[in-house]
Amino acid sequence: MNVIQNHLPTEELQAIDAAHHLHPFTSGDEINAKGARVITRAKGVWLTDSDGNELLDAMAGLWCVNIGYGRDELAEVAAQQMRQLPYYNTFFQTTHIPALELAQRIAALAPGDLNHVFFASGGSEANDTNIRLVRSYWQNVGKPTKTAIIARVNAYHGSSMGSASLGGMAAMHAQGGLPIPDIHHIGQPHWWAEGGDRDPEEFGLMRARELKEKIAELGEANVAALIAEPIQGAGGVIVPPDSYWPEIQRICDEHEILLIADEVICGFGRTGDWFGSQTLNIRPDIMTIAKGVTSGYLPLGGSIVSDRVAEGLNKDEFNHGYTYSGHPVAAAVALENLRIIEEEGIVERVRDVIGPYLARKWEGLNDHPIVGGAHAFGLMAGLALTPDKQSKAIFDTPPGTVGLRCREACFRNGLVMRHVGDRMIISPPLVLSEEEVDMLVDRAMRALDETHGWLREEGII
Ligand SMILES: *Cc1c(COP(=O)(O)O)cnc(C)c1O
């Protein structure tokens, strides 16, 4: 049996990696010069690297390991399913039990009449599906001019051509001629960075009303859908002002466009409900899922659609699908993951216990001299690094310089925290304990102190 061993010294592993492995969202020259960190094992919320260092993973991998690492039940289910039916497709009038059971389970968990699931292998694929799905829907119901999709600046919806076009990341659009045609962006509800002197609620309304203006500009007869994350994740854990979502919902209700909630991060417990749309009182027509649906143990994503959308879509053949749509092993693992989340009361624990506890501790970081706007929502949180929290000023260095410095300090202190520009963000496994929250925040504090010291030494503040 070819069991992968960690039998080589770290430098040799890094040399092989540098010689042959191209990394996502990474400058190759930079990583090859310094050597990638090699992660070899994980348990609970803890990672171990090839030098034996233990790191508290405050990012749950990439926002996905909701039930934590090392759950044998998922390994057992995967092995069993591989023995019984390792693969079959769901094209051409066939189905299999893991896919149909998972679709039923997800339909039961999803709010309202979101009762139908189209599977993909991740969030990017699912959002590509959504582009084609909403256009097919409008075509089938006799409104073929409704093709435009409205999305938001600094949104993240994936990295394929379609999903990256929906996303509003300038650096991604700059590489490869994105966005594709007929995708339009409106501003984001990022009060800390863009609200200026405005009251947050007034700013939230202002940003929501950009949707109305964009619909008017494009013509309602040409607009298929709005896509948005309930809480922007990769954009920096941006929690919109309370006024924002009710106004967006009102505008969607008033106009004939579909609302797609990208729940890839918010779904499966992160916000203290099964879906962020429930926490924020959003009534989407379609939800994108991925990440937490399997806790990242295997790749799986999907689009959950309402009765009305399914009815329209089903009128004609949908010329779309992926070889691995509803992959049986991934679906079986998802079912087991959802069973664990439910039986262990993980969603309720986020809402009632560990979410409020994290919020209290995290928001204490606001006392630190270089921290502003530290805010948690369920089990995700963000803060801005700033030279002056009163004026919400930004540093005089290229964006991301201080954030990267802080991230490196986190690693030195045994903590994985991510930076987005000069914001620091976390999204830990939902199963972390109170003691682990304390360790997380203590380590973050030490990293902030080191960053503060460096900023002074360099004369940046
Ligand atoms: C990660 C992410 C995606 C993309 O999912 P992949 O599985 O990486 O393709 C889409 N939307 C959101 C909100 C995400 O965070």
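**Ligand site, core and a few odd residues**

Okay, let's start at the ligand: a backbone N or O atom of Gly123 lies 2.9 Å from one of the ligand's oxygen atoms. That fits within what I call a polar contact, a pair of N or O atoms within 3.5 Å; inside the protein, one atom must be able to donate a hydrogen and the other to accept it, and residues adjacent in sequence count only if both atoms are side-chain atoms.

Quick housekeeping. This is a predicted model, so local features need pLDDT of at least 70 and side-chain atom pairs count only at pLDDT 80 or more, while totals for chains, interfaces and linings use all residues. Residues are numbered from 1 along each chain as its sequence is written, and side-chain values use heavy atoms, with hydrogens and water left out.

Back to the ligand. The side chain of Asp262 puts an N or O atom 2.7 Å from a ligand nitrogen. On the Lys291 side chain, an N or O atom sits 2.7 Å from a ligand oxygen. The protein covers 82% of the 380 Å² of accessible area the ligand has on its own, using Shrake-Rupley with a 1.4 Å probe, and for residues only the protein chains shown count as cover.

So who else is around the ligand? Including those three, we have Gly122, Gly123, Ser124, Asn127, Tyr156, His157, Gly158, Glu229, Asp262, Val264, Ile265 and Lys291, where "near" asks for a heavy atom within 4 Å. By class that shell holds 3 nonpolar, 6 polar and 3 charged residues. For the classes, Ala, Val, Leu, Ile, Met, Phe, Trp, Tyr, Cys and Pro are nonpolar, Asp, Glu, Lys and Arg charged, and the others, Gly among them, polar. The largest share of the shell, 3 residues, comes from helix α6, residues 123-140; helices (H or I, at least four residues) and strands (E, at least two) are DSSP runs numbered from the N terminus.

Stay with Lys291 a second. Lys291 is in the loop between β9 and β10 (301-306), and has a positive phi of about 40 degrees although it isn't a glycine. Buried or exposed? In between: Lys291 counts as partly exposed because its relative accessibility is 22%, with buried meaning under 20%, exposed over 50%, and partly exposed in between (1.4 Å probe, protein chains only).

Asn281 is another non-glycine with a positive phi, about 60 degrees. Asn281 belongs to the loop between α12 (276-279) and β9 (286-289), and is exposed, at 60% relative accessible area.

While we're on backbone, the peptide bond from Leu178 to Pro179 is cis, omega near 0 degrees. Pro179 falls in the loop between α8 (170-174) and β6.

Now Glu247, in helix α11, residues 244-254. Glu247 counts as buried because its relative accessibility is 7%. Its side chain makes a polar contact of 3.1 Å with that of Arg209 and another of 2.8 Å with that of Arg250.

Last, the core. In soluble globular proteins, nonpolar side chains tend to be buried together. The largest nonpolar core here has 70 residues, and Leu102, Ile106, Phe275, Ile304, Trp362, Leu385 and Leu440 touch the most other members. A core is a set of buried Ala, Val, Leu, Ile, Met, Phe, Trp, Tyr and Cys residues joined through side-chain atoms within 4.5 Å. Helix α14 (residues 328-343) gives this core its largest share, 9 residues. Which domains feed this core? At least three residues come from each of domain 1 (37-67 + 345-457) and domain 2 (73-343), with bounds from an automatic or database domain assignment.
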